[in-house]
Amino acid sequence: MQNKAAIIVLAIALGLVSIYQLSFTVATYKVKKEARVLANGDLVKETQYLDSISALPKEKWSFLGNTFKECQRKELNLGLDLKGGMNVTLEVSVEDILKALSNYNPDKTFNAALVRAKKLQTSSQSDYLTLFGRAFQEIDPNAKLASVFGTVELKEKINFNSTNEQVLKVLDSEVSVAITNAFNILRTRIDRFGVVQPNITQLATKGQILIQLPGANNPKRVRELLQGTANLEIWECYDNTELIGYLSQANNLLKEIQANTEKANTKALESTQKSAVSDTTKNAQSLLDLINKDTTKVAEASTRAGFALQNPLFGILNPRVNQQGQPLQSSMIGLANGKDTAKVNALLKMNQIKSLFPRDLKLAWSQNPYKWDPTKTLYELHALKVTTRDGRPPLGGDVITSARTSTGVSGDVKVDMSMNSEGSKTWARITRENIGRSVIVLLDGYVRSSATVQSEITGGNTEITGNFTIEEADDLANILKSGKLPAPTHIISDTIVGPTLGKEAINSGFISFFVAFALVLAFMVFYYSRSAGTIADIALFANLFLLFGVLASLNAVLSLPGIAGIVLTMGMDVDANILIFERTREELRGGKGIKLALADGYKRAYPAIIDSKVTTLLTGIVLYVFGQGPIRSFATTLIIGIMTSVFASIFLTRLIYEALLKRNVNLHFSINLTANVFKHTKIDFIGMRKYFYIISGVIITSGIVSLFVRGLNPGIDFAGGRTFVIRFDKPVVTEEIASKLNVAFGDLPEVVTYGKQDQVKITTKYKINENGVEDEVDTKLYEGLKSFLPAGVTKEVFLSDRYRQSSETVGPVVAADIKINAFYAVGIALILIFLYIFMRYRYWQYGFGAVASLFHDVLLVLGVYSLLWGHMPFSMEIDQSFIAAILTVIGFSVSDTVIVFDRVREFLPLYRKRPFREVLNMALNATLSRTINTTFAVILTIVAMFIFGGAVIRGFMFALLVGIGTGVYSSVFVATALMYDTSPKPNEMIEEPKARIKA
């Protein structure tokens with residue numbers, strides 16, 4: 001074996017990296033387990049405990065030099081279907097941006113083009129701006145966009161002579177800036193949800209943004225915060241020196257209130273307070289007690305805790321004073337730990353405390369941690385002054401016309417900002433009256449910038465300085481520009497999964513995983529003997545270990561379909577070992593010794609292994625490119641699993657075999673029961689091909705007739721709509737639920753049993769084309785199902801995880817994108833496979849046979865789904881999961897086919913004088929053992945996942961089960977037969993050996 005040392009080094013390196021990456025998951029799991037035990041089912045206490053551990057510095061809690069919060073970011077990332085949470089697809093309203101850029105021009109052609117572009121968007125993958133330009137041209141070919149967008153704000157970029165193409169380029173630039181700003185604003189907003197491992201991504205369709213919030217449990221708040229337009233405000237400020245006295249009075253008054261309360265409390269409460277002062281690092285229980293009573297610095301020294309008890313306000317809000325106790329001049333009046341900000345707010349909002357401060361005082365926290373805090377846990381509290389009668393800010397973001405980063409003469413980074421005429425007048429007054437004082441920029445209620453006014457500024461052109469880095473200056477410039485254009489976002493798709501359903505999905509997913517794993521291990525040992533089977537099982541262990549390690553290191557999301565991908569990878573992983581074993585057994589039957597037989601077995605199996613893996617890899621890549629959410633998770637695990645399986649099954653097993661052979665260990669590749677199975681098969685597959693053509697034709701014709709008569713059952717991924725999974729306290733009748741909801745929605749929804757008899761899945765298209773109606777839909781759903789709920793169940797309780805287990809909304813724009821992507825995915829996968837096979841085998845007949853058999857497989861699966869949907873006790877919707885199943889079947893089927901073709905290519909030069917038909921039969925019979933064993937191993941894993949994987953994944957696994965069966969059938973009875981029938985001169989397909997010159 002060549003490069004043996006390099007492979008050993010690589011194996012060790014990959015193993016160590018995987019151990020390192022997975023160790024963070026183990027570390028966080030221990031803490032979470034401890035939190036569950038101590039909280040004893042109280043989710044609030046469990047969350048508080050984990051939040052407190054997250055706030056601890058490295059000196060108090062660390063693992064490999066990482067805080068708990070950092071470890072959480074590095075742990076294995078579970079998807080929403082396993083963890084619970086919310087998945088939202090937002091679309092930035094380009095229509096509103098264009099209206100604003102035109103200054104809301106009433107031009108009829110312009111407004112008609114906006115309406116037409118919106119209609120076209122439901123059936124096109126082009127972005128809105130492109131469709132708008134096309135619609136504008138179609139409505140009036142002579143109309144000029146320059147007359148619409150030649151505004152004062154765009155006069156430097158657009159003039160009356162600008163062509164429509166030039167104007168569209170300018171608009172594209174402006175829209176891109178607005179979308180980027182919206183993306184950046186949303187990125188800062190999602191940090192407020194307090195979830196671990198949030199994800200925000202710009203999708204391929206311009207203006208669409210995907211946000212994933214694992215663990216988010218307040219969908220209404222999420223929707224409100226994500227869909228709000230950026231609210232930019234400029235405020236005048238109080239100075240810290242003016243308010244320090246009021247803060248001191250508040251602290252003293254709180255101390256009196258606390259003292260009076262303590263006198264009225266029992267001795268038990270006093271002992272609890274004493275325990276809160278003690279060192280909480282001794283054990284986890286004392287930490288939990290402290291959380292319930294005082295959320296100040298966890299594990300602080302007793303002196304610090306004592307100070308906090310004596311100073312209720314200053315114990316959690318550090319006043320801005322110097323070492324001599326003198327107040328520092330600034331709009332910032334204090335610093336507090338991020339987890340204590342809510343407590344500070346509560347104290348300062350008490351009526352007794354609020355009355356101490358000036359009436360025109362408004363407080364706001366900084367968006368980002370204090371710049372000079374090394375722990376990045378302290379946040380600034382700023383004092384704003386309300387100077388208007390209505391309480392609104394004197395300046396809003398609508399007055400800002402431009403903002404950009406620049407560099408001064410001395411090299412300092414600054415932000416140049418310009419305002420319109422109205423804003424310039426107000427800005428001149430503000431700067432004139434606040435020389436030497438601070439002015440604050442607020443975005444969405446949080447302080448983003450605080451600058452000191454040096455002099456009166458007229459004309460609206462302003463320089464903002466503040467020891468910025470280039471990145472900070474760019475961020476501020478983008479924030480200022482975000483107020484220039486209204487860029488509202490609309491939710492076009494969302495998915496909510498409750499934590500209960502997530503836990504059940506984890507349990508069912510991992511049960512199916514372990515059952516499938518055990519079945520595959522047992523099968524390999526049983527069929528290929530304890531020695532060879534055990535080595536294959538070791539390779540399978542190594543493959544899974546590396547797979548999870550790579551997933552953790554890439555921070556990839558593992559969802560339930562991802563687990564299905566791992567389970568499928570296990571079944572396909574043994575395929576490489578089966579190929580090697582079968583080739584080695586053939587060499588042993590030919591009389592070769594074990595060492596030479598093993599070496600030749602690997603050598604002859606390499607081409608087939610590589611071809612089968614590459615074709616499956618191609619389908620995985622296509623899935624990753626065109627899939628979203630869970631489907632991308634499935635594709636990720638499939639792609640990584642293919643690569644790690646090649647390394648484990650080829651290289652690691654070879655190292656093990658060589659080590660064993662050096663020690664003269666007696667190796668076996670079969671047991672007595674399986675030694676001669678499929679050894680002397682001589683089935684005339686080619687001779688029977690016409691019978692199988694008839695069988696396939698009858699089944700496909702029945703399926704096509706069914707497609708025209710019954711059609712398919714498109715899920716909301718393709719048709720758009722809303723789905724809800726509702727769990728009741730007792731079994732329910734779906735017809736009764738549908739009848740009640742028909743009254744509530746005014747439209748008959750589809751209601752099917754989902755898993756157990758007390759759980760249903762409801763699908764409706766009620767107001768799917770309207771935005772902002774989520775609360776109305778929830779109310780209608782609650783009213784329709786109220787009679788099936790126990791008395792006294794409120795709407796809030798119903799919408800919690802107790803009854804509503806999950807919900808999903810897919811708008812028509814997203815549905816159109818998914819539908820188009822599905823066609824692209826299947827078409828591109830078939831083209832790539834044809835091209836690969838054509839390049840590998842040099843003759844188009846091979847590619848035609850493979851691709852035609854794949855069409856055969858797809859039609860058969862579609863036909864089965866058309867015939868059976870509505871008659872099976874699980875969902876058979878045509879959705880993204882179904883397309884993923886189809887592509888997986890394509891990959892598996894072509895893998896089977898190329899292994900047969902590889903043997904054909906090998907046999908043709910060896911048996912030149914034999915008829916082509918006989919050579920094909922020989923190849924099919926020679927690979928029959930591998931085909932049946934691999935298929936059996938894969939079906940074992942799929943059946944395990946189908947039975948134990950839960951209702952969420954059952955339809956997906958059924959599609960795989962049907963597809964794998966048809967794939968094996970077509971690779972044996974259809975692909976090779978078609979290749980034979982399309983070859984005019986079969987013996988010309990012999991691949992001539994290349995000429996060689998020897999000295």
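This passage walks through one sheet and a set of salt bridges in a predicted model.

Let's start with the sheet. Eight strands line up in the order S3-S4-S2-S16-S21-S18-S20-S19, and the sheet they make is an open one with antiparallel pairing. The two edges belong to strand S3 (199-202) and strand S19 (750-754). Each of these has a single partner strand, so one side of each is left without a neighbour in the sheet. On average, neighbouring strands here are turned by 20° against each other, if direction is ignored. Take the pairing of strand S2 (residues 85-92) with strand S16 (residues 489-497) as an example: the two run in the antiparallel sense and are joined over eight bridges. One position to look up is Val 88, whose bridge partner in S16 is Asp 494.

Now for the charged side chains. Side chains of opposite charge can pair when their charged atoms come close. In this model, the structure holds 34 salt bridges. One of them joins the side chains of Glu 906 and Arg 604, at 3.4 Å from N to O. This pair links distant parts of the chain, since Glu 906 sits in helix H30 (residues 880-910) and Arg 604 in helix H21 (residues 594-626), 302 residues apart. Arg 604 has a relative accessibility of 34%, so it counts as partly exposed. Glu 906 and Arg 604 also belong to a network of linked salt bridges, which includes Arg 583, Glu 586, Glu 587, Lys 592, Asp 600 and Arg 903 as well.

Helix H30 turns up again in another salt bridge, between Arg 930 and Asp 896, where the closest N and O atoms are 2.3 Å apart. Arg 930 lies in helix H32 (residues 928-948) while Asp 896 lies in helix H30, so the pair ties together parts that are 34 residues apart in sequence. How much of this pair is open to the outside? Arg 930 has a relative accessible area of 3%, so it is buried. Asp 896 counts as buried too, because its relative accessibility is 1%.

A further salt bridge stays inside one helix. Arg 905 pairs with Asp 902, with 2.9 Å between the closest N and O atoms. Both residues, Arg 905 and Asp 902, lie in helix H30, three residues apart, which is about one turn of the helix. Arg 905 and Asp 902 are both buried.

Methods:
Residues are numbered from 1 along each chain as its sequence is written. This is a predicted model: local features need pLDDT of at least 70, side-chain atom pairs count only at pLDDT 80 or more; totals for chains, interfaces and linings use all residues. Side-chain values use heavy atoms; hydrogens and water are left out. Two strands pair if DSSP finds at least two bridges between them. Helices (H or I, at least four residues) and strands (E, at least two) are DSSP runs, numbered from the N terminus. Axes are lines fitted to C-alpha atoms, for helices over the stretch in contact, and angles run from 0 to 180 degrees between N-to-C directions. A salt bridge is a side-chain nitrogen of Lys or Arg within 4 Å of a carboxyl oxygen of Asp or Glu. Buried means under 20% relative accessible area, exposed over 50%, partly exposed in between (1.4 Å probe, protein chains only).
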